[in-house]
Amino acid sequence: MNENLFSSFITPTMMGLPIVTLIIMFPSMLFPSTNRLVNNRLVAIQQWIIHLTSKQMMAIHNQTGQKWSLMLMSLILFIGSTNLLGLLPHSFTPTTQLSMNLGMAIPLWAGTVALGFRHKTKASLAHFLPQGTPIPLIPMLIIIETISLFIQPMALAVRLTANITAGHLLIHLIGGATLALMDISTMTALVTFIILILLTILEFAVALIQAYVFTLLVSLYLHDNT
C-alpha cells in the first residue's frame with residue numbers, strides 16, 4: 001500500500017507521451033452549450049448556478065473588473081470540474097500538481113497587479129508604504145510588503161494543491177485500511193468504510209469549495225487593483 005501511495009499523482013502517459021493535456025481538456029465537454037429556446041433541466045440548473053455565482057462574485061467590481069467575469073467563471077468551472085473528476089476511481093487530478101496550479105495563479109496574479117499599476121498607480125505604490133510610517137522603518141516595511149505581494153500566487157497554488165492532495169491521500173489510506181481490516185475484524189472494517197464514505201462526501205464539498213476559494217481570491221486581488 002505504501003508503494004502506491006503517490007501513484008495517483010503521477011502524470012499519466014500513453015506510449016511514453018504525457019496525456020495530461022487531453023485530461024485538462026476533458027472537463028470542458030461536461031458543459032454543453034445549447035441554442036434551444038427552452039433548455040432541459042440539467043442545462044437550466046447549470047446556467048442558474050453559473051449566473052448566481054457570477055452575480056455574487058462580480059457584485060463588488062467596477063466596470064473595469066467586470067470585464068474579467070467570463071475568465072473568472074471559466075476558471076471556477078475548470079477547477080471545480082477537474083477536482084470532481086479526480087475523485088473517480090483510477091483517475092488523475094491535474095490540480096494536485098503544484099506546477100499546474102502555479103501556471104494558473106502566476107499569470108492571473110500578474111495580470112491583476114499590472115492592471116493596478118496601470119489604472120491605480122498611486123494607490124498600488126501606496127500599499128508598499130502605509131501612511132504615517134516612521135522613517136527608520138520605511139526600508140523594512142517596503143521589503144515586507146514586496147515579499148507579501150510576490151507570495152500571493154504561491155499561497156494560491158499551495159492552498160489548492162495541499163487541500164486536494166491531502167484529501168486524496170486520506171481516501172487512499174482509509175480505503176487501504178478498510179481492505180486490510182476485512183480479514184481481521186468485520187465490524188472495524190465496517191466502521192472505517194462508513195468513515196470512508198463520509199470522507200468522500202466531504203471531498204466532493206472540498207473540491208467545489210477550493211475552486212470557489214481560488215477564484216474568489218483572484219477576484220479580490222482584481223478588486224484591489226481596479
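Visitor: At what angle do helix H2 and helix H4 pack?
Guide: About 125°, and their axes are 10 Å apart. H2 covers residues 41-57, and H4 covers residues 69-85. (Axes are lines fitted to C-alpha atoms, for helices over the stretch in contact, and angles run from 0 to 180 degrees between N-to-C directions.)

Visitor: Is this a predicted or an experimental model, and what are the cut-offs?
Guide: It's a predicted model, where local features need pLDDT of at least 70 and side-chain atom pairs count only at pLDDT 80 or more, while totals for chains, interfaces and linings use all residues. Residues are numbered from 1 along each chain as its sequence is written, and side-chain values use heavy atoms, leaving out hydrogens and water.

Visitor: Back to H2 and H4: which way does their crossing go, right-handed or left-handed?
Guide: The crossing of H2 and H4 is right-handed (near helix turned clockwise from the far one by less than a right angle; anticlockwise would be left-handed).

Visitor: And what about H5 and H9?
Guide: Helix H5, residues 98-119, packs with H9 at an angle of about 20°, and their axes are 9 Å apart. So H5 is roughly parallel to H9 (angles under 35 degrees count as roughly parallel, over 145 as roughly antiparallel, 65 to 115 as roughly perpendicular and the rest as oblique). H5 passes H9 in a right-handed crossing.

Visitor: How many helices and strands does the protein have?
Guide: 9 helices and 2 strands. From the N terminus, the order is β-β-α-α-α-α-α-α-α-α-α. (Both are DSSP runs numbered from the N terminus: helices are H or I with at least four residues, strands E with at least two.)

Visitor: What surface patch does Met 187 help make?
Guide: A nonpolar one of about 850 Å², with Leu 190, Val 191, Phe 193, Ile 194, Ile 195, Ile 197, Leu 198 and Ile 201 as the other members. (Patch residues have over 30% relative accessible area and no salt bridge, and nonpolar side chains are joined within 5 Å.) Met 187 sits in helix H9, residues 186-224.

Visitor: Why does Met 187 count as exposed?
Guide: Because its relative accessibility is 59% (exposed is over 50%, buried under 20%, partly exposed in between, with a 1.4 Å probe and protein chains only).

Visitor: How much of the protein is buried?
Guide: Buried residues make up 35% of the 226 residues.

Visitor: And Thr 215, where is that?
Guide: In helix H9, and Thr 215 counts as buried, at 0% relative accessibility. Its C-alpha atom is 9.7 Å from that of Leu 77, though they're 138 residues apart along the chain.

Visitor: What about Tyr 212?
Guide: Tyr 212 is in H9 too, and counts as partly exposed at 26%. The C-alpha atoms of Tyr 212 and Ile 76 are separated by 6.1 Å, with their positions 136 residues apart along the chain.

Visitor: Last one: which helix holds Thr 161?
Guide: H8, residues 152-181. Thr 161 counts as buried at 11% relative accessibility, and its C-alpha atom is 9.5 Å from that of Ser 99, 62 residues apart along the chain.

How values were computed. Patches are made of residues with over 30% relative accessible area and no salt bridge: like charges are joined within 9 Å, nonpolar side chains (Val, Leu, Ile, Met, Phe, Trp, Tyr) within 5 Å. Accessible areas come from the Shrake-Rupley method with a 1.4 Å probe; for residues, only the protein chains shown count as cover. A salt bridge is a side-chain nitrogen of Lys or Arg within 4 Å of a carboxyl oxygen of Asp or Glu.
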